[in-house]
Structure formats: C-alpha cells, structure tokens
Amino acid sequence: MSNIERILHQINILTSDLIKTGLCDDQNFPHIIKLKNHQKKICIGELGTNIFLRNVSYKDIYYEMLRKRAYNFKMLDGAMLLLEYTFQNEEIIHHRLSFFPSPDLLEYQQNEEIYLEDDVYLDIINKQVVTVPLRFDYENQEEIAEKIEHPVSHLTIGQYENCRIPVSSAVPPSLFIDFIIRNFYHTAYHKYCSGIRKYKNEFAESIYGEEKELVYIGIPPY
C-alpha cells in the first residue's frame, strides 16, 4: 500500500468511527485524484482553494462550503472538518486540515436547556464561546516555504493572513481529529474517545532549528 493510500485508508476508518460515535451527522468519504507532475491528491469536493484566499467574510466561506458539502465531517453543532493531502510520488508535499465551527452558535447558546443533556454541546453553550476557525497547512515546496516567515508546516488561527505558528511536522488525520475533538468537544471526548482509533505519526520532522526557538506546535513523532 502506497503512502497516499495509507492516509486515505486512515481517513476512511476514522470517518466510520465518527459515524459510530454519533459525533457527526453528515460525512463524505474522500477519494484520490491525479494531478500533474506525478502528484496525487486526497480530497472530497470540487470547492477550489481560492475561496480561502478571497477577501470574503468567514460566514460566507462557511455557507459556501456547507452548500457544496465541501467537508469530510459535519459535526452535530454545525462545525465542519476538511482534510486534504497531496503527494508527489511517495512524499507528502501539501496538506490542508481545516476546522470551521458554525458562525451561528447563538441558537445553541440562547436555547441551552435543549442541549444541556447532550455531551456534544456542553462545551459550546457557554455564552463566552466565540467561533474560531483554524487550519493546519503543510507546504513542502521551495517557492512557497520560507524559514520562520512561512514554515513548511504551520497552524493558522482565525483566518489571519500572516498567522503561521510553526508545527514540527505534517499532521496525520488521526492526530488532527484527536486535536479537534479533545480541545473543542472535551466533554464528549472522554465519553467517545475509545471508539475512535488512533494512529502514530509517520511523517518526518520538517521544522527548522530557528523555528524551535519560537513558540511552536509539537506533533508526536513516529
């Protein structure tokens, strides 16, 4: 099994696990498409990445993704997770792992009595909660990556154009999903985490020594 096929298999297994836990209410199974220069990409929809680059509101991005069903999982509170990986031969050259919470949590927060008994909602009905999208990007291409200014692997929070927090390596699907559920659905995580399989990180470290002198995100190694 090739590297990209292993990642695809991992996403499909995790999709099945999330369905069984009931944490998501809609999902799309990804597929592999062929690109130029011996590249292959794991994706689920036809939504172009240019939507993330346009100067449009987060709410517009969210509802365009929702309309086109451009997500791997849609959680019960409306949040969407999108996972895309690109390989050239056997080497990962790109990934975009996105978490898009619903911009309209007001319904849950104003009618909290309806959701209090559901573990999935306990962490979002607090009226202090503000929706914050985040994205783990990996760009292993010389014309894009730049030490410190544009780390090969980085985390962007809140759609800020120049927010690129260094990350020690590419992020596998298992650790990305674990990160999202553990931190944004903490109450549900303790109830359902045993039903979601975990995989070790097979990606090599890509962070520079100078980036380790900054605040950075450490991904567990092999």
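**Exercise 1. The largest cavity**

What is the volume of the largest cavity? Identify the residues that line the largest cavity, and describe the lining by class.

*Solution.* The model is a predicted one.

Step 1. A search of the whole structure returns one cavity of 30 Å³ or more. The volume of the largest cavity is about 60 Å³.

Step 2. The lining of the largest cavity consists of Ser174, Ile177, Asp178, Ile181, Tyr189, Cys193, Ile196, Arg197 and Lys198.

Step 3. Helix 6, which spans residues 173–184, gives the most to this lining, with four residues.

Step 4. Sorted by class, the lining of the largest cavity comprises five nonpolar, one polar and three charged residues.

**Exercise 2. Cysteines and disulfides**

Determine how many disulfides the model contains, and state whether cysteine 24 and cysteine 43 are buried or exposed.

*Solution.*

Step 1. A disulfide is a covalent bond that joins the sulfur atoms of two cysteines. The criterion applied here is a pair of cysteine sulfur atoms within 2.5 Å.

Step 2. Under this criterion the count is zero disulfides.

Step 3. The burial cut-off is under 20% relative accessible area. Cysteine 24 has a relative accessible area of 8% and is therefore buried. Cysteine 43, at 4% relative accessibility, is buried by the cut-off.

**Exercise 3. An aromatic cluster**

Give the number of aromatic pairs. Then classify the pair of tyrosine 58 and phenylalanine 100 and the pair of tyrosine 62 and tyrosine 63.

*Solution.*

Step 1. The count of aromatic pairs is seven.

Step 2. For tyrosine 58 and phenylalanine 100, the ring centres are 6.1 Å apart and the planes stand at 10°, so this pair is stacked.

Step 3. Because tyrosine 58 belongs to helix 3 (residues 58–68) and phenylalanine 100 to strand 6 (residues 91–100), the pair ties together parts that are 42 residues apart in sequence.

Step 4. Tyrosine 58 is buried at 17% relative accessibility, and phenylalanine 100 is buried at 2%.

Step 5. The rings of tyrosine 62 and tyrosine 63 have centres 4.9 Å apart and planes at 85°, so they form an edge-to-face pair. Tyrosine 62, at 3% relative accessibility, is buried, whereas tyrosine 63, at 35%, is partly exposed.

Step 6. Tyr58, Tyr62, Tyr63 and Phe100 together form one aromatic cluster.

**Exercise 4. A charge over a ring**

Which ring lies beneath the charged end of lysine 147?

*Solution.* The charged end of lysine 147 sits over the ring of tyrosine 208, at 4.9 Å from the ring centre.

**Exercise 5. Positive phi angles**

Locate arginine 69 and isoleucine 148, and report phi and the exposure class of each residue.

*Solution.*

Step 1. Arginine 69 is found in the loop between helix 3 and strand 4 (73–75). Its phi is near 55°, a positive value in a residue other than glycine. With a relative accessible area of 35%, arginine 69 is partly exposed.

Step 2. Isoleucine 148 is placed in the loop between strand 7 (134–139) and strand 8 (153–157). Although isoleucine 148 is not a glycine, its phi is positive, at about 70°. A relative accessible area of 36% makes isoleucine 148 partly exposed.

**Exercise 6. Contacts between separated positions**

How far apart are the C-alpha atoms of phenylalanine 203 and proline 172, of asparagine 3 and isoleucine 92, and of proline 101 and methionine 80?

*Solution.*

Step 1. Phenylalanine 203 lies in the loop between helix 7 (186–192) and helix 8 (209–212), and at 10% relative accessibility it is buried. Its C-alpha atom is 7.5 Å from that of proline 172, with the two positions 31 residues apart along the chain counted as their separation.

Step 2. Asparagine 3 is part of helix 1 (residues 3–21) and is partly exposed, at 21% relative accessibility. Asparagine 3 and isoleucine 92 are 8.4 Å apart, C-alpha to C-alpha, while being 89 residues apart in sequence.

Step 3. Proline 101 occupies the loop between strand 6 and helix 4 (106–110) and is buried, with a relative accessible area of 8%. The C-alpha atoms of proline 101 and methionine 80 are separated by 6.2 Å, the two residues being 21 residues apart along the chain.

Methods:
Residues numbered from 1 in each chain as written. Predicted model: local features only at pLDDT ≥ 70, side-chain atom pairs only at ≥ 80, totals over all residues. Heavy atoms only, no water. Buried < 20%, exposed > 50% of the residue type's maximum accessible area, 1.4 Å probe, protein only. 1 Å grid on protein atoms, 1.4 Å probe; cavity = no way out; pocket = protein on both sides within 12 Å on 5 of 7 lines; lining within 4 Å. Points joined across faces, edges and corners; volume = space filled by probe spheres on them. Helix = DSSP H or I, 4+ residues; strand = E, 2+ residues; numbered from the N terminus. Nonpolar A, V, L, I, M, F, W, Y, C, P; charged D, E, K, R; others polar. Phe/Tyr/Trp six-rings, centres within 6.5 Å; stacked < 30°, edge-to-face > 60°. Lys NZ or Arg CZ within 6 Å of the ring centre and 35° of its normal.
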